[in-house]
Structure formats: structure tokens, C-alpha cells
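Colleague: I've got this one open on my screen. Mind walking me through how it packs?

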Amino acid sequence: MRIAVLLWALALAGCAREPLAGIGEVKVRYGNDPSWAARELDDADWQTVSWAQVDRRESWWMRTSIEIPETLRASNQPLGLYLFAAASAEVHWDGQLLGRNGRPADDPQGEVPGMIAFVLPLPAHAEGLHTLAVRWSSHNAGPRIRTPVDAVFIGPYGDPLRFSRAGYLPAQVVGGSLALALLLLIGLAVRGRDVATAWLAVATLGALLQLTAETSRAFVNYPYPIHSLRLAAIGAAAGLAGLGLLGFSFRRFVPDRAAWPWLVGYSAIAGVLVLFANGGDEISLLNFALATLGGGIAAAQGIRQRRPSARIALVAFLAFGLLLVLSQTVFLDLFFYLGLAVILLLFFVHHLRAYFRERAQREAAELKATRLELDYAKRHLQPHFLLNTLATLEELIETDPSRASRMIDALGEEFRMMSQLSRQTTVTLAEEVALCRAHLDAMSLRYDVPLGLDVKSGEVDDDKILLPPIVLHTLLENALTHNRFAEPVSFLLHVRPATSGYQLEFHAPRGDATRHEGGGLGASYISARLEEVFRGQARMVVDNSADAWVTRLELPA
């Protein structure tokens, strides 16, 4: 990050109350000659450039004439020359050696790396022009450092890190908020096993790590070779934050779409940028530009599917992306953490509202499902059900003991499977079909009519389809309760892949209808269980034809 931009922005904003004298264009010459430090040297043939444009690693000299402003001389404070650079420096003032930050050299072996922030005390204030000559080298700057010198200026002598601390004060306040939000999100993600909350926690963690790596410069003065590693850490944290935003956006707004191609592609690009791209701002800029693009696409798809908060998210992504494009690196220095914090706070608030709303709906659905399950079990345990079953068994024991024995075994197997499956939140379609066939075996013996279930699933794997337990069993039991079949009957189940999951289509042939006393309890039970497990992503549709009762269950993948 360009500390010069930050320092001068602080001065303009009134955050830096100390008078400062900046150094702009200078005379530059590549190479090394100790005589270039002399005050009387004629440097008319030297190249005139800004020190911020020099990208040389080997030795080079910078010369300029400085007149200390009256505001600084009148302050009666000791003055210092401040150097912020990923380089070693040897400083001369009016031809005299003022001091060194490390030791510059013509080769990497001879160089002693300097500190990233450095200040040298200036001699007593004197009127007139002074000559500043600085020899630089930055052999150990690393590939991510394009221009090693960040800032050179004169100001009241003191700790050079104080300027960075003032600039990062708003970001530090944001950091505390991010830390609290992260703790809450982790707790909610673990407790509720909510994937969207977990992704938002990843985004918050990435932003917090990036903030920590960025603001470390304001509290720790380190040798300049570490600066390249710090920029890599900032880029990696930005990639993690962008990955979290992308994962959250897809999970929150388009949960029925596969997000892994976006996540894998983004991770690959972010990894390449961190490993091979130069600079620090550019890595963060590209990472968040990609995450903003993907998040905006997910939010736009969420609007089409009428997902809550999708419109607000799209506006936030568009605003964040516009600031990235218009402000670029200045935005990253001055407003990045405030902008990112606003987006995360917006998502945090809306996601928490949606989380607790969905949690309340889920708890209500669970209570309703539990009540319906109890009512459903109660109906099966009512005296007339037991009496009818026992009466059938009593008759079979007298007339057909072998069939009675098989019926007892079939009922025992059905109740055993039902007891085992009912304790699970979801079961596979293969397990549910096995339960239905066990029920049909028992009912075939009871009514003395062959009853079967034909499943047409094509290439779909029944073991990969999940649904709430006893759902198909309920449809089958309803069909047998409200119809009487005098001829062999085969119920039909079509299993088809759908756009966002699977479609189960259950066909129950019409028989001799009996009086309906259930009041729709079975259908209510199925709807409640679907809502409890899939939270609005599954539905039941009843479409009765002339010759069959048709029920379609649309399930997510």
C-alpha cells in the first residue's frame, strides 16, 4: 500500500496536525560514486524524476535542494527526515553524512537491509537552501515491490510509525467490529450447522486477517525484506475474504445451483495472483473485483428466484464494484476497510434476520411435524386398527396358519424398519422404498390381494436421493386406507432428475373408494416434514387423474 498517498490524504483531511514538508521531484543517477554526496556537485545532467517512479534495485543516488518552510523553523521543535522505503539508505545533508538506514551496496551480499520506516534528526534549523543526497539500494525487496521508495519528507522529530497509526485508526475500529461479528458467526454456524453463515464467517475472517496484516505496519517496524511477505499475506487474506463472500452469495441467494465451479475457479485465480502477481494493491483489487462480480451474479439470480435480501445485496455489490473501479488503489488505502465493513455489516444484519426468521419457522415446522407424527401414530394405534388387524390374524390362524405366520413376520419387519427410520432426519429413497414394500407385503396378506410397488428410476441412483422418513409410506397407506382393491394392484413410482434436484411421482390406482375420515392428516404430515427438512426448497403437488391419484414430490439435490 502506498503510505505516501495515505500520509498526504491525512494532511488534507486534517488528521495529521503536524506541519510536514514533502519532497517531490528529485535528481536521479544510477550507479555509485561517493563524490555524488558533495554539496557543490553539479547535477545539471542528472535525470529529473519523482522518487516514486524509480524501480531500480541496484545502487542509485537521489539529490534535491530543500528550503525548510517557515512553519517548521518557527516551531522550535527538533526536525527529522523521514524515509518510508523498502530499501537501505545512506543520507547526506549539505555534504555531510547524516546517517544510515541499514547499509546500501552494489550487490545483495554487501547490503545490510534497513527498516521499512526510518527517521534521522536534522541539524539545527537554518535558513536558505540545503542539499539532500541519498544513496539507495533494495536488492532484497522481493518481486512484489515495484518502486521501493514510498515517502520522503521533513517533519517534527519522533516515532515514524505515528503517521501510520493515525491513518489506520478508522480501520482499527472496524477491526474490533469484525472480530465481534466473527465470534458470533462462528457460534451460529456451529450451533445451527448453517453453510451460508459459515461462508460469511470465512469472509469476515479474511477481512480481519487482511486488516491485521495491513495495520501491522503502524505498530511494528520491520526490516524491509519482510515487506514483500506482508504484501503476500495481505493478498492471500483478500483472497480468503473474497472466497467467503462468493460462497455466501451463492449459498444464500441460489442454494439450488452448484457453486463449486465458481469457488474452484476463484481459488485458482487468487492463488496465482498471490504467488506470481506484483504489488499488493493490485492483488487485493483483482481478488475483490472477481468476488464482487460473482456475488453480483448470484444476487441477480436470487432476485429472479425472489430470495430475501437479494436486491439489497446486488446494490451493495454494484456500489462496492463501482468504488473499486473508480478509486482503485486510493480506495484500497483510504476507504477499503470502511467499504468492506459496510458490505459485511449489511450482509451480517440481513443474514441474522433471515437466520433467526428461518430458525423460528424451522422450529415451528418441527413442532408441527412432531404433533402430526404423534397424531399419525395415534391413528394407527386406535382400537379399530388393532381390532381389525387382530381379527384378521385370528381368522387366519383358524383357516390358514401359514399365512397368519407370514403376516405376523411381515408386520414385525415393517414395524422394525419404521422404528429405525423414524429416528433419522432423512433417509435414502432406497430405504423408503424398502419400507413401502414391507408394508405392501403385510397388507397383501391381510387383504389376500397381491399388492406391489414398481419403481422406474432409470439411471438415477436411489441411494443418493434423500427425503424425510415415512413420506412415501404415508402416501401408500393413505391409498390403501381410502380404497379397496379386489384385484392385484401395482403402485407406480417414477423417479426423474429435475433442474434443481429430483422429482418423485407416485401413482395410486383408484379402487372402490371408502369413507374418508382422515381430514388430510397424511398430506399435512408430508408437507410439514418437507418444510422441516428442506426449508422451502421442496414441495408436494397433487394432480388426480381419472384412473389414478398422482402425487409429485419435488426435492432438492
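Modeller: Sure. A nonpolar core here is a set of buried Ala, Val, Leu, Ile, Met, Phe, Trp, Tyr and Cys residues joined through side-chain atoms within 4.5 Å. Bear in mind that this is a predicted model.

Colleague: Which residues of the largest nonpolar core touch the most other members?

Modeller: That core has 48 residues, and its largest share, nine residues, comes from helix α13 (residues 429-447). The ones touching the most other members are Leu 429, Phe 491, Leu 493 and Leu 555.

Colleague: And how many residues are in the other core, the one with Leu 83 and Val 149?

Modeller: That core lies apart from the largest one. Its members include Ala 89 and Val 91 too, and it has 47 residues.

Colleague: Back to Leu 429: which residue of α14 is it in contact with, beyond its neighbours within four places in sequence?

Modeller: Leaving those neighbours aside, the contacts of Leu 429 include Asp 462, Ile 465, Leu 493 and Leu 472. Helix α14 spans residues 471-481, with 10 of its 11 residues buried. Among the buried ones, the partner of Leu 429 is Leu 472.

Colleague: How do α6 and α8 run, roughly parallel or roughly antiparallel?

Modeller: The axes of α6 (residues 226-253) and α8 (residues 281-304) come within 9 Å and cross at roughly 0 degrees. Angles under 35 degrees count as roughly parallel. Therefore α6 and α8 are roughly parallel.

Colleague: How many charged residues does that contact have?

Modeller: Gly 235, Ala 238 and Gly 242 of α6 are among those making it, as are Ala 291, Gly 294 and Gly 295 of α8. By class, there are 12 nonpolar and nine polar residues, and the number of charged ones is none.

Conventions
Residues are numbered from 1 along each chain as its sequence is written. This is a predicted model: local features need pLDDT of at least 70, side-chain atom pairs count only at pLDDT 80 or more; totals for chains, interfaces and linings use all residues. Side-chain values use heavy atoms; hydrogens and water are left out. Buried means under 20% relative accessible area, exposed over 50%, partly exposed in between (1.4 Å probe, protein chains only). Helices (H or I, at least four residues) and strands (E, at least two) are DSSP runs, numbered from the N terminus. Contact means heavy atoms within 4.5 Å. Axes are lines fitted to C-alpha atoms, for helices over the stretch in contact, and angles run from 0 to 180 degrees between N-to-C directions. Angles under 35 degrees count as roughly parallel, over 145 as roughly antiparallel, 65 to 115 as roughly perpendicular and the rest as oblique. Ala, Val, Leu, Ile, Met, Phe, Trp, Tyr, Cys and Pro count as nonpolar, Asp, Glu, Lys and Arg as charged, and the others, Gly among them, as polar.
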